[in-house]
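Me: I would like to go through the labels used for this model and see what each one rests on. Please set the values against the cut-offs.
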Amino acid sequence: MNKHINKVAVIGSGIMGSGIACHFANIGVEVLLLDIIPRELTEQEKAKKLSLEDKVVRNRLVNNSLTAALKSKPSPIYHSKFASRIRTGNLEDDINKVADVDWIIEVVVERLDIKKQVFDQLEKYRKPGTLITSNTSGIPIKFMSEGRSEDFQKHFCGTHFFNPARYLKLFEIIPGPETSSEVLDFLNGYGEQFLGKTSVVAKDTPAFIGNRIGIFSIQSLFHMVREMGMTVEEVDKLTGPVIGRPKSATFRTVDVVGLDTLVHVARGIHDNCKEDERHALFELPDFIQTMVDNNWLGSKTGQGFYKKVKGEGGKSEILTLDLDTMDFRSKKSARFATLELTKPIDNVIDRFKILVNGKDKDGDFYRKSFGALFAYVSHRIPEITDELYKIDDAMKAGFGWEHGPFQIWDAIGLDKGLELIAAEGQTPAAWVNEMKASGVNAFYSVKEGATQYYNIPAKGMESVPGQDAFIILDNIRQSNEVFKNNGVVIEDLGDGILNLEFQSKMNTIGGDVLAGLNKAIDLAEKNYQGLVVGNQAANFSVGANIGMIFMMAVEQEYDELNAAIKMFQDIVMRLRYSSIPTVAAPHGMSLGGGCEICLHADKVVAAAETYMGLVEFGVGVIPGGGGSKEMALRAQDTFKKNDVELNVLQEYFLTIGMAKVSTSAYEAYDLGLLQKGKDIVIVNKDRQIATAKAYAKLMAEAGYTKPPKRKDIKVLGKQALGMFLVGTDAMEASHYISEHDKKIANKLAYVMAGGDLSEPTLVDEQYLLDLEREAFLSLCTERKTLERIQHMLKTGKPLRN
């Protein structure tokens, strides 16, 4: 199906509809967002003597919804300018405009009768061949398509986005009885390549895949928490980051999503899945019904499992619901011996064996919850899908799990999983025992760098489809390793391109990482054609190892600290001036030293969800790995004849001085951290390493030549320095910044002005690097800087002193 999506219409502007509209705008698509007209005037409209016929009134609902969405945090839009791609209207005056779109997405209230009324109207104006889909979270697709035209049914299916549409990657595609295979294939590919989603084709069953398994998991915990006498805090401690789940874990997640939303889906499954072997589990426990009756629905009503109140002295306090008394109380700390055993284990997947073998209450909890989960997911095949990997994909992309149920089962072992199931009085689906009897003891394997899964109908392993566009580092790390130390692994990506992957805690940059970068450039220059610096962890890098800096500064080992900073500067300069092309692939947090590495690569292939910034001010220093130098260089590169040069330099100064961090890769362009015409952004992070490799290969094949070193950097000297010093004096006098903030800012000003030169002068990069390093070292001698670093190490938060 050769189709191009240039315009979409989104019908319904609620939280979900506006979020979907924003995400299409994110990827450059024109959007028509429509909603109903209001039936009565507001008091403000009456005061303005407006009528129900005025356009501003008729579009009030859609405009208010979109405005609210754009103001929400986290933002649904990559860049504020992208909102201009969305046009609004109403379903009476503007419905005829759907004739001009390529895809219509219905996102109205979850009532079949209302959806059918909307489809009646849309079919009058929809041109043949236009895709038309519903974002329903549970209404059977077959009921919605009944009675529609042949062309409508052929191009109709469910496309279930998860909220928030920008951040959650799951995109469930649910075919109707007559949906063409070409439409399904197109949406599957479009969701992955253009929307940046994990596309999963599901069967038309209640709650589809993600919610069917996700709601079971939550309902299972609801019942278990009473059975085991556990508290809200204990469950959230056990079901959060320690097992690769979001920080909001279970009960905080329910508060954010809304208990009413969860109850609605659970009741739908209970009412429509009478044959489900765990049907009774979808009945609401008494404490949940009490919460619904009391309207304790979570954040939307001000209280749920948690409640924020003002305590003594106006200080905020988070209270927790006691499930026995149904009263709110102060939070209790939750500590478990088995969890302590997992602290040295960085890889979440390696923790599960320890957790299910725990001897205390948390061990019992994990054995019961995983036993129930493993049995349940095995029985959902072939009911909700024929392929087990789709269940794992749905849970990872829709619920933020780092590993899906079958991956966790593999991690603890097939036999151990069967043991847990039996202990719960459950039985696995017959196909699991058949798989074991055939000699297959895992649901997944890796063959020639590709992930394989157990195909149940074929009774054997085969490759997960759609991997051709991806490079999965986990699959090639061992077989393609070229070099390894405690901080990095260097892998051969093929076609003459190496990849350097950080392996330190939080991907912090210390001595091993810097030595690895040096080694990677050496290897690439000698035997390869290009180098990618990228990884597939949660974050690219949170910056330099400040613990190492703190120890050197406390011990007053200034010569060693100077050498370490010089080494960092020299290596980022090698990235820029090596004889092979270098490509950085940042994603997630790309801060401090991680950002400085990106600033010096020949090209950056950034994931759209990249949060980039030079944040060193937060620990009392300036960027010392070439970042301060680079921002001065980039400022002068943007000087134009009609620009006021001081104003341009000031903008770059403020990017560092205010520790600005982009909320997307597109915002990083505004901060000067990415460069238009050189760096690119991709929406699907799974494609990032493969894309970065392709660019490195392309640059090499085009005849890459090492760029000449810069000796033409215009610095403004005393002219700029005076402006900065006056500004910092004024800010301190107005109590906007502390005395120590002023000292840091003045050091940065000295570097970016090029020192106190009497007139504008052309200098080279090394001149600025030397100033940068001197300023960095001098700040490391300050007591208040050490206090800031120590506070950051203890709390993870910056200190203002």
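Me: Where is P74 found?
Reply: In this predicted model, P74 is in the loop between helix 4 (60-71) and strand 3 (86-90).

Me: What makes the peptide bond from K73 to P74 cis?
Reply: Its omega is near -5°. A second cis peptide bond runs from N163 to P164, with omega near 0°. P164 is also a loop residue, between strand 6 (156-161) and strand 7 (170-175).

Me: Why is F208 called buried?
Reply: Its relative accessibility is 0%. Buried means under 20%, so F208 qualifies. F208 is placed in the loop between strand 8 (198-201) and helix 9 (210-227).

Me: What is the sign of phi in F208?
Reply: Phi of F208 is positive, near 60°, and the residue is not a glycine. N507 likewise is not a glycine and has a positive phi, of about 55°.

Me: Is N507 buried or exposed?
Reply: N507 has a relative accessible area of 4%. The limit for buried is under 20%, therefore N507 is buried. N507 sits in the loop between strand 17 (497-502) and helix 22 (511-527).

Me: What joins the side chains of N535 and N507?
Reply: A polar contact of 3.3 Å. The cut-off for such a pair of N or O atoms is within 3.5 Å, so the distance satisfies it. A polar atom of the N535 side chain also lies 3.2 Å from the backbone oxygen of F540.

Me: Why is N535 called buried?
Reply: The relative accessible area of N535 is 2%, and buried requires a value under 20%. N535 therefore counts as buried. Its place is the loop between strand 18 (530-534) and helix 23 (546-554).

Me: Which residues does N535 touch?
Reply: Leaving aside residues up to four places away in sequence, N535 touches L473, E501, F502, N507, F540, H587 and I689. Contact here requires heavy atoms within 4.5 Å.

Me: Why is T130 called buried?
Reply: T130 has a relative accessible area of 1%. With buried set at under 20%, T130 is therefore buried. T130 lies in the loop between helix 5 (112-125) and strand 5 (131-134). Residues up to four places away in sequence not counted, T130 touches K3, V101, D102, W103, I104 and H155.

Me: What is the strand order of the open sheet with seven strands?
Reply: The order is 15-16-17-18-19-21-23, and the pairing is mixed. What makes strand 15 (481-484) and strand 23 (680-682) the edge strands is that each pairs on one side only. Direction ignored, neighbouring strands of this sheet are turned by 20° against each other on average.

Me: How do you know that strand 21 and strand 23 pair?
Reply: Three bridges join strand 21 (residues 603-607) to strand 23. Pairing needs at least two bridges, so these strands pair. The two run parallel. V605 has I680 in strand 23 as its bridge partner.

Me: Which helix lies across strand 21 and strand 23?
Reply: Helix 29 (residues 688-701) does, and it also lies across strand 16 (488-494), strand 17, strand 18 and strand 19 (582-585). Helix 29 runs at about 165° to strand 21. Angles are taken between N-to-C directions on a range from 0 to 180 degrees, so at about 165° helix 29 and strand 21 run in nearly opposite directions.

Key
Residues are numbered from 1 along each chain as its sequence is written. This is a predicted model: local features need pLDDT of at least 70, side-chain atom pairs count only at pLDDT 80 or more; totals for chains, interfaces and linings use all residues. Side-chain values use heavy atoms; hydrogens and water are left out. Helices (H or I, at least four residues) and strands (E, at least two) are DSSP runs, numbered from the N terminus. Buried means under 20% relative accessible area, exposed over 50%, partly exposed in between (1.4 Å probe, protein chains only). A polar contact is a pair of N or O atoms within 3.5 Å; within protein, one must be able to donate a hydrogen and the other to accept it, and residues adjacent in sequence count only if both atoms are side-chain atoms.
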